[in-house]
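Visitor: I would like to understand the words used for this structure. Please give the reason behind each one.

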Amino acid sequence: MAKLNFGGVEENVVTREEFPLKKAQQVLKNETIAVIGYGVQGPGQALNQRDNGINVIVGQRKNSKTWDKAIRDGFVPGKTLFEIEEALQKGTIICYLLSDAAQIALWPTVQKYLTPGKALYFSHGFGITFNEQTGIVPPKDVDVFLVAPKGSGTSLRRMFLQGRGLNSSYAIYQDATGRAFERVVALGIAVGSGYLFETDFRKEVYSDLTGERGTLMGAIQGIFAAQFQVLRDKGHSPSEAFNETVEELTQSLMPLVAENGMDWMYGNCSTTAQRGALDWWKKFRDATAPVFKELYESVETGKESQRSIDLNSQPDYREKLEAELKELHESELWQAGKTVRSLRPENQPKAEAATAPAATVSIKEVFRQQALKAEPLVNPG
Ligand SMILES: NC(=O)c1ccc[n+]([C@@H]2O[C@H](COP(=O)([O-])OP(=O)(O)OC[C@H]3O[C@@H](n4cnc5c(N)ncnc54)[C@H](OP(=O)(O)O)[C@@H]3O)[C@@H](O)[C@H]2O)c1
């Protein structure tokens, strides 16, 4: 295992060079990998394993669109596609990739098929870490581990097809056979991971729940909404408020930050933007730090998991969710965003260019002006 230095701290990382696919195939040659669930992670992980020459089957409830999708993807009923119970029985490694709520509901069934020496695999630490709430307590004589790709199943598949790998974290909760490490790492490579970062179940789920409620989705939407509202209250048009809050960030700055880091961004913008960003970032850090602390505590004490289990299992869950999503969708912020996105050159109908050159030129010109304004090396922010 390689030790890599991350900003002064050494961490264990497994690379594809030290654990190549050949080795993974060797470790898994006598295993049947049963991927239970064919939602988002299921297809990515099952297809990548199949293309990597691993003996993989899918367990999915019948008479659903998802069952049909598995068939369209080449899984064959009775050969590589089974009802969940049959797949559980055949699998020596059970990849439990149902939604977190369904994992709780199906647990009594899964438990029946966890005979000694089998392995139970997750892609999230949720079920095990919050086992007082989920009831997921595996028997002692099976291996329990996780590989959590740091992205959606769609990205996992897409990057695999491009010959790249998505980074994943991995963790071992229980090593009953003495083979848990080689099994989990072999699976990590087989599902299409690039690098595998060591963690444990608790840290995986705590950081994941904090991240999605924080800067990945919750906090970022909150900051967008606050800045947009201030600009609107001060008389800026919706398009101007949106461009300065979201469009410039996603279209121009974030790709550069992804490539080079925010430190580089700070060193490569106009002096005016640089001065302002250096003056203000710590104020934002200090203002939001107490909220992040509250969020982490809510995760750590099990409040977030309990809330998610309670609300997601209510019979009218879908309707209530639709109403919340509708509010977001219909907000001025995201309605303005819809129009701004439609002005991007790639979203202009091709026919328009041929039939209405004057209109096309003017829309393009509008966009060009916006793009120039958003050019980060000239004037970010
Ligand atoms: N989404 C991601 O990209 C992502 C990323 C990293 C980790 N993870 C983790 O990976 C795991 C799987 O997540 P996911 O997003 O792929 O799951 P998902 O799409 O929500 O899972 C849907 C699957 O669960 C089945 N299912 C739902 N309710 C069921 C029930 N009551 N009985 C039987 N089957 C049921 C669905 O079958 P039907 O279609 O028939 O309903 C479908 O096969 C989770 O632990 C998640 O935290 C997900």
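Visitor: Which residue just after α2 takes a positive phi?

Guide: The model is a predicted one. In it, Gly-53 has a positive phi of about 80 degrees, and Gly-53 comes just after α2.

Visitor: What makes helix α2 mostly covered?

Guide: Helix α2 spans residues 41–51, and nine of its 11 residues are buried. Buried means under 20% relative accessible area. Among the buried residues of α2 are Gln-41, Gly-42, Pro-43 and Gly-44. Ala-46, Leu-47 and Asn-48 are also included.

Visitor: Which residues come nearest to the ligand?

Guide: There are 23 residues around the ligand, and Tyr-38, Gln-41, Gln-60, Arg-61 and Thr-66 come nearest. Helix α5, residues 100–112, gives the most to this shell, with four residues. By type, the shell has eight nonpolar, 13 polar and two charged residues.

Visitor: Why is the pair formed by Gln-60 and the ligand called a polar contact?

Guide: The cut-off for a pair of N or O atoms is 3.5 Å. A polar side-chain atom of Gln-60 is 2.6 Å from an oxygen atom of the ligand, so the pair is within the cut-off and counts as a polar contact.

Visitor: What is the distance from an oxygen atom of the ligand to the side chain of Arg-61, and to the backbone of Val-40?

Guide: For Arg-61, an N or O atom in the side chain is 2.8 Å from an oxygen atom of the ligand. For Val-40, a polar backbone atom is 3.0 Å from an oxygen atom of the ligand. As for cover, the ligand on its own has 900 Å² of accessible area, and the protein covers 74% of that.

Visitor: Why is Met-1 called partly exposed?

Guide: Met-1 has a relative accessible area of 46%. Buried is under 20% and exposed is over 50%. The value for Met-1 falls in between, so Met-1 is partly exposed. Met-1 is placed in the segment before β1 (2–6). Together with Ile-172 and Phe-181, Met-1 makes a nonpolar surface patch of about 250 Å².

Visitor: How do you know that Glu-182 and Arg-179 meet in a salt bridge?

Guide: A salt bridge needs a side-chain nitrogen of Lys or Arg within 4 Å of a carboxyl oxygen of Asp or Glu. For Glu-182 and Arg-179 the N to O distance is 2.8 Å, so the pair qualifies. Side chains of opposite charge can pair when their charged atoms come close. By this rule the count comes to 19 salt bridges.

Visitor: Are Glu-182 and Arg-179 buried, exposed or in between, and what makes them so?

Guide: Glu-182 has 32% relative accessibility, and Arg-179 has 29%. Both values lie between 20% and 50%, so both residues count as partly exposed.

Visitor: What makes Glu-212 and Arg-213 a salt bridge?

Guide: The closest N and O atoms of Glu-212 and Arg-213 are 3.1 Å apart. That is within 4 Å, so the pair is a salt bridge.

Visitor: Where do Arg-275 and Asp-279 lie?

Guide: Both are in helix α14, residues 271–300, four residues apart, which is about one turn of the helix. Arg-275 and Asp-279 form a salt bridge, with the closest N and O atoms 2.7 Å apart. Arg-275 is partly exposed at 46% relative accessibility, and Asp-279 is partly exposed at 40%.

Visitor: Which residues do salt bridges join into one network?

Guide: Glu-31, Asp-143, Arg-179, Glu-182 and Arg-183 are joined by salt bridges that share partners.

Key. Residues are numbered from 1 along each chain as its sequence is written. This is a predicted model: local features need pLDDT of at least 70, side-chain atom pairs count only at pLDDT 80 or more; totals for chains, interfaces and linings use all residues. Side-chain values use heavy atoms; hydrogens and water are left out. A residue is near a molecule or strand if one of its heavy atoms lies within 4 Å of it. A polar contact is a pair of N or O atoms within 3.5 Å; within protein, one must be able to donate a hydrogen and the other to accept it, and residues adjacent in sequence count only if both atoms are side-chain atoms. Accessible areas come from the Shrake-Rupley method with a 1.4 Å probe; for residues, only the protein chains shown count as cover. Helices (H or I, at least four residues) and strands (E, at least two) are DSSP runs, numbered from the N terminus. Ala, Val, Leu, Ile, Met, Phe, Trp, Tyr, Cys and Pro count as nonpolar, Asp, Glu, Lys and Arg as charged, and the others, Gly among them, as polar. Patches are made of residues with over 30% relative accessible area and no salt bridge: like charges are joined within 9 Å, nonpolar side chains (Val, Leu, Ile, Met, Phe, Trp, Tyr) within 5 Å. Buried means under 20% relative accessible area, exposed over 50%, partly exposed in between (1.4 Å probe, protein chains only).
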